[in-house]
Amino acid sequence: MRLEQIPVIGPLLAAGADDSIFDALLILGPIVIIIITFLGRTLPSILLAVAYTGGFLSYIAYKGVAETTESST
């Protein structure tokens, strides 16, 4: 079974951009929230939240800089 065939995830991937990393980060968001819910407010859950948020923001910043550099050349 391919990821696009899953009922909820398939339409999300079809509606999004052709960026697999961004799609993966969007799909991981609710999974991270569920994991944090089960762990409670512990050090591992805080580290997971910080890592996810930092990774997401870093990727968005990277894409912004990469696109700005491409358009200026």
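This report covers the fold, surface and second helix of a predicted protein model.

Residues are numbered from 1 along each chain as its sequence is written, and side-chain values use heavy atoms, without hydrogens and water. Local features need pLDDT of at least 70 and side-chain atom pairs pLDDT 80 or more, while totals for chains, interfaces and linings use all residues.

The chain has three helices and zero strands, in the order α-α-α. Helices (H or I, at least four residues) and strands (E, at least two) are DSSP runs, numbered from the N terminus.

| Property of the protein chain | Value |
|---|---|
| Buried share of the 73 residues | 18% |
| Exposed area | about 5,700 Å² |
| Carbon and sulfur share of that area | 72% |

Buried means under 20% relative accessible area, exposed over 50%, partly exposed in between (1.4 Å probe, protein chains only). Areas come from the Shrake-Rupley method with a 1.4 Å probe.

Helix 2 covers residues 20-39 and includes Leu-28. Its end C-alpha atoms are 28 Å apart, which agrees with the 28 Å expected for 20 residues at 1.5 Å a residue; the expected span is 1.5 Å times one less than the number of residues. The helix bends by about 30° at Leu-28, and Pro-30 follows within four residues. That bend is the angle between axes fitted to the seven residues ending there and the seven starting there. After helix 2 comes Gly-40, with a positive phi near 80°.

Asp-23, Leu-25, Ile-27, Gly-29 and Val-32 of helix 2 are buried. Leu-28 is partly exposed, at 39% relative accessible area. Leu-28 also joins Ile-31, Ile-35 and Leu-39 in a nonpolar surface patch of about 310 Å². Patch residues have over 30% relative accessible area and no salt bridge (Lys or Arg side-chain nitrogen within 4 Å of an Asp or Glu carboxyl oxygen); nonpolar side chains (Val, Leu, Ile, Met, Phe, Trp, Tyr) are joined within 5 Å, like charges within 9 Å.
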